[in-house]
Number of protein chains: 2
Amino acid sequence: MPVTLSQVAARAGVSVKTASRALNQEAYVSATTRARVLAAADELGYRRNRLAHELRTGGGSALVGLISGDLANPFYSAVASGVERELRRHGLLLVTANNDEDRERERDLIEALLERRVRALLVVPSSGYRAPSGAPDGDARTAGTPAGQEYPTDIPVVFLDRPPEGLAADCVLIDNAGGARSAAEHLLAAGHHRIALVADLVRTASQRARIEGFAAAMRAAGNTEWEPYLRTDVHDAVTAERTVRELMALPSPPTAVFATNNRLTTGALRARPPALVGFDDFELADVVGVTVVAHDMTALGREAARLALTRIDGYTGPPRTVVIPTSLIVRT
Amino acid sequence: MPVTLSQVAARAGVSVKTASRALNQEAYVSATTRARVLAAADELGYRRNRLAHELRTGGGSALVGLISGDLANPFYSAVASGVERELRRHGLLLVTANNDEDRERERDLIEALLERRVRALLVVPSSGYRAPSGAPDGDARTAGTPAGQEYPTDIPVVFLDRPPEGLAADCVLIDNAGGARSAAEHLLAAGHHRIALVADLVRTASQRARIEGFAAAMRAAGNTEWEPYLRTDVHDAVTAERTVRELMALPSPPTAVFATNNRLTTGALRARPPALVGFDDFELADVVGVTVVAHDMTALGREAARLALTRIDGYTGPPRTVVIPTSLIVRT
DNA sequence: CAGTCTACCGACAACGATGTCATAGATATC
DNA sequence: GATATCTATGACATCGTTGTCGGTAGACTG
């Protein structure tokens, strides 16, 4: 149905190649011919077919794929926004795909994107990876982070938020340990001793880093009182709320709660703990007065896109890791 | 660099066509040949080139484009999430593009997507359209909603949230007038008389519908006291906050505020008006106790995708309009 | 046993664009 | 005036894949 180049050429009374030259601003086309071709293209409503163009020129498509969790989660959508903004400055389009936090689907998506010859792949690996050892469901074949052979090597791949295991690749991380440490230090400085830690799936590397950062700060302060209040693998807001309620109902309840991501924080908030610090900033955190470990999620996406873009532009150096800093925003 | 079909064929010792047949599960390939081809493909790590495939078969790509505002806005990302979920069930991928609320950029994006031969286009038109008549900056050439000739006719186009003007096209809308009316009625029933209306850009049709719905309810109640408290073209949270503060500082301040979208509501919230109702639900609205006119933004995306899918599947009937209902969620 | 059918396979063209090369005419060079 | 250079153009091959058609070998029909 769409108009082809040869139709334009026919109408302008020139060869296909000449029409191509005229439309591509190439040299060696007389002004009159060029004008005739442009007029013909305009009249017919010609639109270049990029599929054919990209097939012929071989450069691959002008698409970049982003695989992450559901965009309804503000973390992923902020990342996507940052990625898109950076890509567009280079004329690239973003294909977003939801891995559903499932490895199988993630693999299928990667395959589909590669078949479309995307120029680069940005991946926030699904949380469906098992912990490397001693995990509850200890599946020896799987690792806590994605393994190398599952990802392509012929195009740039950048990992976001979670580092790949046993695979040297570009990646952008948040300073998880540092952020969690600052949260712990803040609560300790405020005089808390019994601090509950409500964390998401420990099989994701970022969660482990946050837990470890928190634990390290507590160790450094010689505090072990918090340990009975550790709750992990809390994956949604409802469970977080219930978990905090249960904690508060203990004979000797914690005096503060640290929740390790925005979903858990908003859930915990509903249980109205006496003090709450959350990892990830969120809308209205200022209004409800929750202290948070903030970081720029859009920057995470932007930096990932930049890493990919340098590779697309030919950089072949060693893998780089960009760490997005966190900052503690104290609210009352 | 990637492996081509002819390389696979060569390795399997068959013609390219036979290799193609084997990989496509076509009939008339002997079991042994098929096995040899599959083995060869596997060994070489063959991956079909969809660009070539789609070029040859002509069906266009398996991509659907979604043009909207920044994904960092939860409204757009919820929509995108709904769209993606529906598309994936049909094996289609989603390309998301940010129009930056700018018509020019929106046109460029449409062009870029059409060149990629997307199968359908979903558009949340940029708010950069001027009101049709008597608008403050009355630009006669532009309309309050997108005009027909700017959009393609050879592929399905579905409009989201804002109806196209003078163009019969599929679209999915929110019951803006009805939702605003229910908000007004709720506030009136609660005994409020002086109700402020804080609205976004009046040049967008959805905002006008909300204002009109509100005004209609007030008229029906014989209330004109609200009119001095009408504030429009408030476009961001900070301005909303300031606007509400100013309203509250009036000699005879309003006793309630109705904000016509989530951004304005969260802004207004910071000014702590005595009573607040917002259009669009938002995270933590329950915690901060804001009554809202809620609607399913994910459903908006899903329905839009469905409309497009039926067209892709051959439906050629008249344009349809789906209206997403709203519901008042009363919170205290 | 000639004829029809069917399974299997390959040569070739085509999708819509661009790269390569050849060529005709106009200019420039000596 | 012969040769080299440059401009402007078109014929053709090509990217990777699939549709069309034709051919061959064996099985089946009557």
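The following exchange takes up how terms are applied to this predicted model of two protein chains and two DNA strands.

User: What conventions apply to the model?

Analyst: Residues are numbered from 1 along each chain as its sequence is written, while chains are lettered from A and ligands numbered from 1 in the order in which they are written. The model is predicted: local features need pLDDT of at least 70, side-chain atom pairs count only at pLDDT 80 or more, and totals for chains, interfaces and linings use all residues.

User: How do you know what confidence chain A has?

Analyst: The pLDDT is the predictor's confidence in each residue, from 0 to 100. Chain A averages 92, and 94% of the residues score at least 70. Over residues 133–143 of chain A the value is below 50, and this stretch has nine contacts in the model beyond near neighbours in sequence. Two residues are in contact if their C-beta atoms, placed from the backbone, lie within 7 Å. Where pLDDT is low, the predicted coordinates should not be read in detail.

User: What makes a residue count as near a strand of DNA?

Analyst: Its C-beta atom, placed from the backbone, must lie within 6 Å of the strand. By that criterion 24 residues surround DNA strand C, the closest being Leu5(A), Ser20(A), Ala52(A), Ser15(B) and Thr18(B). Helix 2 (16–23) and helix 4 (50–57) of both chain A and chain B give two or more residues each to this surface. Helix 4 of chain A gives the most, with five residues. Helices (H or I, at least four residues) and strands (E, at least two) are DSSP runs, numbered from the N terminus.

User: Which residues surround DNA strand D?

Analyst: There are 25, and the closest are Ser15(A), Thr18(A), Leu5(B), Asn49(B) and Ala52(B). Helix 4 of chain B supplies the largest share of this surface, five residues. By class, the residues near DNA strand D are eight nonpolar, twelve polar and five charged. Here Ala, Val, Leu, Ile, Met, Phe, Trp, Tyr, Cys and Pro count as nonpolar, Asp, Glu, Lys and Arg as charged, and the others, Gly among them, as polar.

User: Why are the two copies said to be related as by a two-fold rotation axis?

Analyst: Copies are superposed by least squares on the C-alpha atoms of residues with pLDDT of at least 70 in both. Chain B can be laid on chain A with an RMSD of 0.1 Å by a turn of 180° and a shift of 0.0 Å along the axis. The copies are therefore related as by a two-fold rotation axis. In chain B, the C-alpha of Val95(B) is nearest the axis, at 2.1 Å.

User: How do you know that the copies meet through the same surface?

Analyst: Of the interface residues of chain B, 100% are also interface residues in chain A, so the copies meet through the same surface. In the contact count, 41 residues of chain B touch 41 residues of chain A. The side of chain B that touches chain A has 21 nonpolar, eight polar and twelve charged residues.

User: What makes strand 2 of chain A and strand 2 of chain B a pair?

Analyst: Two strands pair if DSSP finds at least two bridges between them. Three bridges join strand 2 (residues 93–98) of chain A to strand 2 of chain B, and the two run antiparallel. Thr96(A) stands opposite Leu94(B).

User: Why are strand 7 and strand 12 of chain A called edge strands?

Analyst: Six strands of chain A form an open sheet in the order 7-6-8-9-10-12, with mixed pairing. Strand 7 (230–231) and strand 12 (327–329) each pair on one side only. Strand 7 pairs with strand 6 (residues 195–198) in the parallel sense over two bridges.
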